[in-house]
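Please open the model in a viewer and keep the sequence panel visible. The tour below proceeds by selection, with a short account of what each one shows.

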Amino acid sequence: MKNLFVYLSLFFAIVSTASGQSTADRKSFNLDKSGLAIEGYDPVAYFNSGKAKEGKKEINSVLGGVTYRFSSMANREQFKANPAKYQPQYGGWCAYAMGKDGEKVSVDPETFKVLNGKLYLFYNRFFTNTLKDWNKNEANLKAKADQNWSKINP
């Protein structure tokens, strides 16, 4: 019986590590009620095509309770091979707001920047495009956003 407990404990430790993020972490991420990330946009397309592309409902992958959609099977396979490379920074919240005030602000998935191999998303509504403000003070805002995010999602 003791061996069974050890094996089960090891199994659950491996599963939680492999998932990349726990369900508890999910609370920090910018998701809709169903657990959909990036409003259904394909995280790999930002890198491969340099454009925001909507994913297809039937081509998806679930990681740690978070659902990602993809515009192609090839993109889904790329994501599955290295999810950390493609997941948006700061849980998919606005990078500018995270750097300025440490706030979780919704984004426009079509307003983004790939910087040093990482995806950053930005708020862009009501005549306010925070990507423009981010670009004016990127190094400082990024450093502050990294600090603020580490407090929100340790």
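Is Glu77 buried, partly exposed or exposed? Select the residue in this predicted model: Glu77 has a relative accessible area of 42%, so it counts as partly exposed. Now add Arg76 to the selection. The two residues form a salt bridge, with the closest N and O atoms 3.5 Å apart. Arg76 itself has a relative accessibility of 15% and therefore counts as buried, the limit for that class being under 20%. This salt bridge thus joins a buried arginine to a partly exposed glutamate.

**The whole chain**

Next, select the entire protein chain and colour it by secondary structure. Eight helices and six strands are present. Followed along the sequence, they appear in the order α-α-α-β-β-α-α-α-β-β-β-β-α-α. Switch to a surface representation: about 9,000 Å² is exposed, and carbon and sulfur atoms supply 55% of that area. Of the 154 residues, 41% count as buried. Among contacts with a sequence separation of 6 or more, 55% are made by residues 24 or more positions apart.

**The β3–β4 hairpin**

Select residues 108–115, which are strand β3, together with residues 118–122, which are strand β4. The two strands pair in the antiparallel sense, over five bridges. Within this pairing, Phe112 has Leu121 of β4 as its bridge partner. Then move to the turn: two residues lie between the strands of this hairpin, and Asn116 in the turn has a positive phi of about 50 degrees.

**Leu131 and its surroundings**

Which residues does Leu131 touch, leaving aside those up to four places away in sequence? Select Leu131, in helix α7 (residues 130–136), and display its neighbours. Beyond that sequence window, the contacts are Thr111, Phe112, Lys113 and Phe122. Thr111, Phe112 and Lys113 fall within the range of β3, and Phe122 within that of β4, so the selection leads from helix α7 back to the hairpin. With a relative accessible area of 16%, Leu131 is buried. For a further reference point, select Tyr96: its C-alpha is 7.0 Å from that of Leu131, although the two residues are 35 positions apart in sequence.

**Two further salt bridges**

The model contains six salt bridges in total, including the Arg76–Glu77 pair visited at the outset. Select Arg125 and Glu39 for another of them, in which the closest N and O atoms are 3.8 Å apart. This pair links distant parts of the chain, 86 residues apart: Arg125 belongs to strand β5 (residues 124–125), whereas Glu39 is in the loop between α2 (23–26) and α3 (45–48). Arg125 counts as partly exposed, at 29% relative accessibility. Glu39 counts as partly exposed at 47%.

Finally, select Lys142 and Asp146, whose side chains meet in a salt bridge with an N to O distance of 2.8 Å. Both residues belong to helix α8 (residues 138–152); because they are four residues apart in that helix, about one helical turn separates them. Lys142 has a relative accessible area of 22% and is partly exposed. Asp146 is partly exposed as well, with a value of 33%.

Note on methods. Residues are numbered from 1 along each chain as its sequence is written. This is a predicted model: local features need pLDDT of at least 70, side-chain atom pairs count only at pLDDT 80 or more; totals for chains, interfaces and linings use all residues. Side-chain values use heavy atoms; hydrogens and water are left out. Buried means under 20% relative accessible area, exposed over 50%, partly exposed in between (1.4 Å probe, protein chains only). Contact means heavy atoms within 4.5 Å. Accessible areas come from the Shrake-Rupley method with a 1.4 Å probe; for residues, only the protein chains shown count as cover. Two strands pair if DSSP finds at least two bridges between them. A salt bridge is a side-chain nitrogen of Lys or Arg within 4 Å of a carboxyl oxygen of Asp or Glu.
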